[in-house]
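Let us take a walk through a protein model together, one stop at a time. Have the picture ready to turn as you read.

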Amino acid sequence: MTFTMYDTLLQLPIFQGISRSDLTIILDKVKLEFLKYEAGEKIVSQGERCDALYFLLNGEMIAQTLSSASAFTFSEYLPAPYVIEPSSLFGLHNNFACSYVASSEVNLLKINKWYIYSELSKYDIFRINYLNIISTR
């Protein structure tokens with residue numbers, strides 16, 4: 001069975017419940033960036049401004065958090081599917097709390113904050129999914 005881009009996107013928690021027709025409309029208006037990283041490549045850095053949602057589509061990455069005194073680093077392995085710090089996109093602190101490094105070859109989907117605010121937020125199901133994701137973290 002072959003999965004299309006639609007099937008892959010509809011499996012992401014943020015798009016669950018959105019119809020194929022609504023997804024087609026979204027894809028016409030929203031610029032989606034597909035990124036590929038090799039093992040060992042840094043995806044985002046701790047303290048960097050969060051201006052987009054990043055979805056890990058496949059592969060595995062490591063979240064690394066440096067302590068405030070730089071005495072130690074906490075590392076966590078994260079398999080796909082995963083959304084990188086959705087709570088950092090809006091709110092009081094708009095910087096990434098961790099650095100993310102690919103531990104295998106990974107593919108990510110990046111959606112700019114402006115598109116989320118201007119287009120995706122028009123869909124109730126998207127807003128509910130987004131709130132569910134940040135509430136469970």
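Helices and strands here are DSSP runs, with at least four residues for a helix and at least two for a strand, and they are numbered from the N terminus. With that in hand, we can place Glu 85, which sits in the loop between β6 and β7. Keep in mind throughout that this is a predicted model.

Glu 85 is a good place to pause. Its phi is positive, about 40°, although Glu 85 is not a glycine. Glu 85 also counts as buried, because its relative accessible area is 9%. Another backbone feature lies at Pro 81, in the loop between β5 (73-79) and β6. The peptide bond that runs from Ala 80 to Pro 81 is cis, with omega near -5°. Why point these two out? Most residues other than glycine have a negative phi, and most peptide bonds are trans.

Now turn to helix α4, which covers residues 124-136. Does its length make sense on paper, and what should the span be at 1.5 Å a residue? The 13 residues should span 18 Å, and the end C-alpha atoms are indeed 18 Å apart, which agrees.

Which residues of α4 are buried? They are Phe 126, Asn 129, Tyr 130 and Ile 133. Looking down the axis of α4, you would find these buried residues within an arc of 100°, so they line one face of the helix. On the other side of α4, Ser 135 and Thr 136 are exposed. The cover over the buried residues of α4 includes β3 (52-58), β6 (82-84) and α3 (113-118).

Two of those buried residues deserve a closer look. Phe 126 has a relative accessibility of 3%, so Phe 126 counts as buried, and Tyr 130 counts as buried at 10%. They are four residues apart in helix α4, which means about one helical turn separates them. An α-helix has 3.6 residues a turn, so residues three or four places apart point the same way.

The structure holds six aromatic pairs. In one of them, the ring centres of Phe 126 and Tyr 130 are 6.4 Å apart and the planes are at 15°, so this pair is stacked. Phe 126 and Tyr 130 also belong to one aromatic cluster together with Phe 15, Phe 55 and Phe 90.

Let us move on to charges. How many salt bridges does the structure hold? There are three. One of them joins Lys 36 and Glu 105, whose closest N and O atoms are 3.6 Å apart. Lys 36 lies in strand β1 (residues 32-37), while Glu 105 lies in the loop between β7 (99-102) and β8, so the pair ties together parts that are 69 residues apart in sequence. Lys 36 is exposed, at 52% relative accessibility, whereas Glu 105 is partly exposed at 42%.

Another salt bridge brings us back to α4: the side chains of Arg 127 and Asp 124 meet at 2.3 Å, N to O. Arg 127 and Asp 124 are three residues apart in the helix, so about one helical turn separates them. Arg 127 is partly exposed, with a relative accessible area of 37%, and Asp 124 is partly exposed too, with 47%.

In the remaining salt bridge, Lys 122 and Glu 119 meet at 3.4 Å, N to O. Here Lys 122 is exposed, with a relative accessible area of 55%, but Glu 119 counts as buried at 16%.

Next comes a charged residue without such a partner. Lys 110, in strand β8 (residues 106-112), is buried yet has no salt bridge. The nearest side chain of opposite charge, Glu 33, is 4.2 Å away, and a salt bridge needs the two atoms within 4 Å. Leaving out residues up to four places away in sequence, Lys 110 touches several others, including Lys 31, Leu 32, Leu 35 and Tyr 54.

Our last stop is Ile 43, in strand β2 (residues 42-44). Is Ile 43 buried or exposed? At 8% relative accessibility, Ile 43 counts as buried. Neighbours within four places in sequence aside, the contacts of Ile 43 include Tyr 37, Met 61, Ile 84, Tyr 100 and Leu 108. To link this stop with α4, compare Ile 43 with Arg 127: their C-alpha atoms are separated by 26 Å, and the two residues are 84 residues apart along the chain.

Conventions
Residues numbered from 1 in each chain as written. Predicted model: local features only at pLDDT ≥ 70, side-chain atom pairs only at ≥ 80, totals over all residues. Heavy atoms only, no water. Buried < 20%, exposed > 50% of the residue type's maximum accessible area, 1.4 Å probe, protein only. Lys, Arg positive; Asp, Glu negative; His and termini not counted. Contact = heavy atoms within 4.5 Å. Expected span 1.5 Å × (residues − 1). Arc of directions from axis to C-beta. Phe/Tyr/Trp six-rings, centres within 6.5 Å; stacked < 30°, edge-to-face > 60°.
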